[in-house]
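User: I would like a close look at a single part of this model, followed outwards into its surroundings. Please take it step by step and keep the reasoning explicit.

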Amino acid sequence: MEAAIIPLHPIEEQKFLVIIDRGGSLPLYTTTVQAGFPSPATDYAAEAIDLNTYASNHPGSTFLVKVEGDSMIGAYIAPGDLAIVNREIRAASGMVVLAFVDGGYTIKRLEIKKDAAYLVSENPKYKPMKIDSPEGGIIWGVVVGIHRKF
Amino acid sequence: MTSLFALVDCNNFYASCERLFRPELNGKPIVVLSNNDGCVIARSNEAKALGIKMGTPLFEIRDLLEKDGVHVFSSNYELYGDMSRRVVLTLSEYSPNVEVYSIDESFLDLGNFLHVDVRQHARAIWERVPRATGIPVAVGVAATKTLAKLANRLAKKSKKANGVLVLTDPVHIEAALKATEIGDVWGVGGRYARKLATFGVHTAYDLTQKTDSFVKKHMTIVGLRTVKELRGEPCIDLEMIPATKQNICTSRSFGQPLTDISDIEEALATHAVRCTTKLRKQKSCAAALTVFLETSRFGQVGQMYFNSRTVKPDSPSGSELVIMPLALEALRAIFRKGFRYKKVGIIVSGICPANQVQESIFSAGTRERDAGLMDALDTLRMKFGYNSVKYGVQGTKGKWKMQGGNVSPCYTTRLDDLIKAY
């Protein structure tokens, strides 16, 4: 796709939310029909970028979460970002997950070892959390992307 | 008509929505209260086990709730609505035709599936919906909607069924009918149940053994439809297009008793806007409107008051500019000083399609103007929120509004309410 045809008007935050929440889409370009000379582009105008589909194939199981703190800064997940979380994907070792531990939510990299599961930060300031009992915490979903507003 | 229906019903839906975002409440009793924190409208299994009944007023069980550490939520329909949408979205992957029957129930068309084992398919739905959305469900499958509903109920109750019951084998159907009390059959209320008991009809099975003429005589033609459905003869099809409502009522109990008419006017004006918006959404006009006003029904004699007034616009209308002033006029006519009011509401009726309205000579000309304005208002409100465009009379004090004591955040629909992860 040619970058030149993407409009340059800014996409405000509000619009992005609408796209994620309501399954709407962002038209690439629009044409106006002129009497006498139909635009040759009309036949191709149905194409649209759907950020919702881009973020996840399953909008029903996709949730947004606000990132606080800098524990995942090494994975380019920064405070203020919106993390895109999918509940359906089965978490595997090495994935970045949203977990619920000690009464709070946390985003960490999951590492499954022989003795226990570990929630590992991507920041040397924080130690890994060891989870070795079912009561230790739950995996709520898998982080599949990040949205950042500049 | 399809040959096989599935009814997918979310378990303890409101309670499940609340708990999804509060994992620390897993295994703990929780209840959700009605609009004005009046009574219990949803319970987790743990709360059911404590003997808390549906519809119990909060004041009756406040002590029990505290003693047993029950978590109490005010209702958050924004959250439940979005979670319902997610469940339906997931269900639509399992059937070409899905009827959203209520916020927590959907009928699926499972007929004419080639090379699909229905049991496996139903089990897959049961397994998938909670994995995707976090909301547990039960699935009942049968040849008619009424039987699917019955199967769903048993699927929830029976340990062996474990959330899924496919009722296609005649032997199973008979056993299921015998295991279902007549009052628990879809479409048979408590009144019919008491009446039928006098004829020795106690279970769904008993009813299927009665003659058509008996049923028609005692339960009308609607009851006969239910009985035929119980016998496995489909009479109620999937409704893919929601039926146009015959009347629309918008009302709320006030957060506190109100005595001043201007506070009540604020509430009624807001209800009128919401009511006409619904009307326009189904492309209808209303020929009449009724305003009602009431005090608490539990007050002392002499302190209770109820009144209503019905008025008609010159011609059927869906315009706020027509309906709202009429409603306020009706309110002023029935308002009496000196009472502590609890609730005001508006009902629009005589609903007809907007494109079939007979013009009156008095409304001529204003119709197009109003239609354009209403279009613009509807668009603005959809884009920027319901309160983005208001009338002066709707006010800003909002004294009538509910004090939802413990409303959870709108985790899935508002930026400021998202889960925060560290």
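Where in chain B does Arg414(B) lie, and which elements flank that place?

Analyst: The model is a predicted one, and everything below should be read in that light. Arg414(B) sits in the loop that runs between α13 and β13 (419–421) of chain B. With a relative accessibility of 42%, Arg414(B) counts as partly exposed, whereas Cys410(B), at 5%, counts as buried.

The position of Arg414(B) brings a distant part of the sequence into view: Leu79(B) is 335 residues away along the chain, yet the two C-alpha atoms are 9.6 Å apart in space. Leu79(B) belongs to helix α4(B), where it is one of the residues that make the contact with α1(B), so that helix pair is a natural next stop.

Helix α1 (residues 13–20) and helix α4 (residues 77–91) of chain B pack with their axes 10 Å apart and at an angle of about 95 degrees. Because of that angle, α1(B) is roughly perpendicular to α4(B). On the α1(B) side, the contact is made by Phe13(B), Tyr14(B), Cys17(B), Glu18(B) and Leu20(B), and on the α4(B) side by Tyr77(B), Leu79(B), Tyr80(B), Met83(B) and Ser84(B). By character, the residues of this contact comprise 8 that are nonpolar, 1 that is polar and 1 that is charged.

Going back to the loop of Arg414(B), one of its flanking elements, α13, also takes part in the surroundings of helix α12(B): the buried residues of α12(B) pack against α13 (366–384), as well as against α11 (261–281), β10 (284–295), β11 (306–311) and β12 (341–353) of chain B. Helix α12 (residues 320–334) of chain B contains 15 residues, and its first and last C-alpha atoms are 21 Å apart, close to the 21 Å expected at 1.5 Å a residue. The residues of α12(B) that are buried are Glu320(B), Ile323(B), Met324(B), Leu326(B), Ala327(B), Leu328(B), Ala330(B), Leu331(B) and Ile334(B).

Of the partners of α12(B), α11(B) deserves its own description. Its 21 residues reach 30 Å from the first C-alpha to the last, close to the 30 Å expected at 1.5 Å a residue. Since 16 of the 21 residues of α11(B) are buried, this helix is largely enclosed by the rest of the structure. Just after α11(B), Lys283(B) takes a positive phi of about 55 degrees.

The surroundings can be followed further through Thr250(B), which is found in strand β9 (residues 248–258) of chain B and is buried at 2% relative accessibility. Beyond its neighbours within four places in sequence, Thr250(B) is in contact with His271(B), Arg274(B), Cys275(B), Lys278(B), Gly345(B) and Ile346(B). Among these partners, Cys275(B) is itself buried, with a relative accessible area of 0%. The closest cysteine sulfur to that of Cys275(B) is in Cys249(B), and because the two are 7.2 Å apart, the distance is too far for a bond. Over all chains, the structure holds 0 disulfides.

Another covered helix of chain B is α6 (residues 145–157): its 13 residues should span 18 Å at 1.5 Å a residue, and the end C-alpha atoms, 19 Å apart, agree with that. Helix α6(B) is mostly covered, as 10 of its 13 residues are buried, including Lys145(B), Leu147(B), Lys149(B), Leu150(B), Asn152(B) and Leu154(B).

For the wider setting, chain B has 13 helices and 13 strands, and 47% of its 422 residues are buried. Among its contacts between residues at least 6 apart in sequence, 69% join residues at least 24 apart. Chain A has 2 helices and 9 strands, and 36% of its 150 residues count as buried; the share of its contacts, again between residues at least 6 apart, that join residues at least 24 apart is 51%.

In chain A, Gly145(A) lies in strand β9 (residues 138–147) and, at 19% relative accessibility, counts as buried, the cut-off being under 20%. Apart from its neighbours within four places in sequence, Gly145(A) is in contact with Leu82(A), Ala83(A) and Ile84(A). The C-alpha atom of Gly145(A) is also 9.3 Å from that of Ile77(A), a residue 68 places away along the chain.

Methods. Residues are numbered from 1 along each chain as its sequence is written. Chains are lettered from A and ligands numbered from 1 in the order in which they are written. This is a predicted model: local features need pLDDT of at least 70, side-chain atom pairs count only at pLDDT 80 or more; totals for chains, interfaces and linings use all residues. Side-chain values use heavy atoms; hydrogens and water are left out. Axes are lines fitted to C-alpha atoms, for helices over the stretch in contact, and angles run from 0 to 180 degrees between N-to-C directions. Helices (H or I, at least four residues) and strands (E, at least two) are DSSP runs, numbered from the N terminus. Angles under 35 degrees count as roughly parallel, over 145 as roughly antiparallel, 65 to 115 as roughly perpendicular and the rest as oblique. Contact means heavy atoms within 4.5 Å. Ala, Val, Leu, Ile, Met, Phe, Trp, Tyr, Cys and Pro count as nonpolar, Asp, Glu, Lys and Arg as charged, and the others, Gly among them, as polar. A disulfide is a pair of cysteine sulfur atoms within 2.5 Å. Buried means under 20% relative accessible area, exposed over 50%, partly exposed in between (1.4 Å probe, protein chains only). The expected span of a helix is 1.5 Å times one less than its number of residues.
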